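Okay, thanks everyone, let's get going. I'll put the structure up and then walk you through it, starting from one residue and working outwards.

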Amino acid sequence: MRKRVGVFSSIHTQAHDSVVGLGAIGIVYGMSSLLPPEDRLPSLTHHRVLAILGLMTVLAVIYLRWQGRVWWCECGRPFPVSIVVQSEHNSQHLFDAYSLSHVLHGVLFFGLFWLIPNLSLAWRFILATTIEIGWELLENSPIVIDRYRQNTASLGYTGDSIANSLADIVSYAAGFLLARWLGLWKSVAAFVLVEITMVLAMRDNLSLNVLMLLWPIEAVKQWQTGG
Ligand SMILES: [Zn+2]
């Protein structure tokens, strides 16, 4: 891990605080949905939604670059998709097998935020996106990268490229909108179908990903890496 000293350190800390602050603002706005209507959030126009999402994305890119993430795969080839998981191109081009997991994040978040009463779709989308971007940054922090390498199928993982992180966020957003379009039961069915397909095809999926990150099990690790 690289040393952080002097000016770099303070800028880095500020970037980190900005991201945390953004999350806190999101939580406060979410809580405001519990207030009586006259004290609630102003309704958002499409332009404002896009402006807020754009700002969060720019902050995320700046943060990822400071963390030392590369813009694109080291191979330099322009292919937008890389399917093979056990390859140095995984998580380095735009879309890969794990893009599906990010689509599922969107489906899950749509369901979760659907439970908050009196909150407009625009605000739900912004709050959920704040969490997704926060996760994407956390996923690319040295602590989580090391945990992934030790405990999961991601043996050579050195963090996503910035292009891949952005595409992950696009995949999440697609999942969020997909869930809205499908409704509850079709969304649940789609979720289960993707999870089963992924575990059969690549011995990894969102559920295993979360499990192995929080509570690593040796037997699962061996099964995932053993072939
Ligand atoms: Zn490549």
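So, let's begin at Phe110, which you'll find in helix H3. One thing up front: this is a predicted model, so please listen to everything with that in mind.

Is Phe110 buried or exposed? With 23 other C-beta atoms within 10 Å, Phe110 is buried, because the cut-off for that label is 20 or more. Leaving aside residues up to four places away in sequence, Phe110 touches Phe176, Ala179 and Arg180. There's also a nice long-range pair here: Phe110 and Ser187 sit 77 residues apart in sequence, yet their C-alpha atoms are 9.8 Å apart in space.

Now follow that contact to Phe176. Which residues does Phe176 touch, again not counting those up to four places away in sequence? They are Gly106, Phe109, Phe110, Phe125 and Ala128.

Both of those phenylalanines turn up again when you look at the largest nonpolar core, which has 25 residues. The ones with the most contacts inside that core are Ala60, Val107, Phe110, Ala128 and Phe176. Which elements give two or more residues to the core? Those are helix H2, residues 46-66, then H3, helix H4 at 121-139, and helix H6 at 162-182. H4 hands over the largest share, seven residues. As general background, nonpolar side chains tend to be buried together in soluble globular proteins.

Let me zoom out for a second. The chain has nine helices and two strands, and if you read along the sequence the pattern goes α-α-β-β-α-α-α-α-α-α-α. There are 227 residues in the chain, and buried ones make up 30% of them. If you take the contacts with a separation of 6 or more, 71% of them come from residues 24 or more positions apart.

Right, helix packing. I've got three pairs to show you.

Pair one is H3 with H6. Their axes come within 6 Å and cross at roughly 45 degrees. H3 and H6 are therefore oblique to each other, and the crossing is right-handed. On the H3 side the contact includes His102, His105, Gly106, Phe109 and Phe110, and on the H6 side the list includes Asp168, Tyr172, Gly175, Phe176 and Arg180. By class, the residues of this contact divide into 12 nonpolar, seven polar and two charged.

Pair two keeps H3, residues 99-114, and swaps the partner for helix H7, residues 184-202. Here the axes are 10 Å apart and the packing angle is about 155 degrees. That makes H3 roughly antiparallel to H7, because the label applies to angles over 145. H3 passes H7 in a left-handed crossing. Who meets whom? From H3 you've got Leu100, Leu104, Val107 and Gly111, and they meet Ser187, Ala190, Phe191, Val194 and Met198 in H7. That contact of H3 with H7 has seven nonpolar residues, two polar and no charged ones.

Pair three is H2 with H6. The axes come within 10 Å and cross at roughly 150 degrees, which makes H2 roughly antiparallel to H6. H2 passes H6 in a right-handed crossing. The residues involved are Thr57, Val61, Leu64 and Arg65 from H2, meeting Ile162, Ser165 and Ile169 from H6. Sorted by class, the contact of H2 with H6 has four nonpolar, two polar and one charged.

Last bit: a couple of backbone oddities, for those of you who like looking at torsions.

Ser91 has a positive phi of about 65 degrees although it isn't a glycine. Where does Ser91 lie? It's in the loop between strand E1, residues 81-82, and strand E2, residues 95-96. And Ser91 is buried, with 26 other C-beta atoms within 10 Å.

The other one is Arg203, where phi is near 55 degrees, again a positive value in a residue other than glycine. Arg203 is found in the loop between H7 and helix H8, residues 206-214. How many other C-beta atoms lie within 10 Å of Arg203? There are 16, so Arg203 counts as partly exposed.

To wrap up, then: if you want one place to start clicking around, go to Phe110, buried as it is, and step across to Phe176, Ala179 and Arg180. Okay, that's me done, over to you.

Definitions and conventions:
Residues are numbered from 1 along each chain as its sequence is written. This is a predicted model: local features need pLDDT of at least 70, side-chain atom pairs count only at pLDDT 80 or more; totals for chains, interfaces and linings use all residues. Axes are lines fitted to C-alpha atoms, for helices over the stretch in contact, and angles run from 0 to 180 degrees between N-to-C directions. Helices (H or I, at least four residues) and strands (E, at least two) are DSSP runs, numbered from the N terminus. Angles under 35 degrees count as roughly parallel, over 145 as roughly antiparallel, 65 to 115 as roughly perpendicular and the rest as oblique. A crossing is left-handed if the near helix is turned anticlockwise from the far one by less than a right angle, and right-handed if clockwise. Two residues are in contact if their C-beta atoms, placed from the backbone, lie within 7 Å. Ala, Val, Leu, Ile, Met, Phe, Trp, Tyr, Cys and Pro count as nonpolar, Asp, Glu, Lys and Arg as charged, and the others, Gly among them, as polar. A residue is buried if 20 or more other C-beta atoms lie within 10 Å of its own, exposed if 12 or fewer, and partly exposed in between; C-beta atoms are placed from the backbone. A nonpolar core is a set of buried Ala, Val, Leu, Ile, Met, Phe, Trp, Tyr and Cys residues joined through C-beta atoms within 7 Å.
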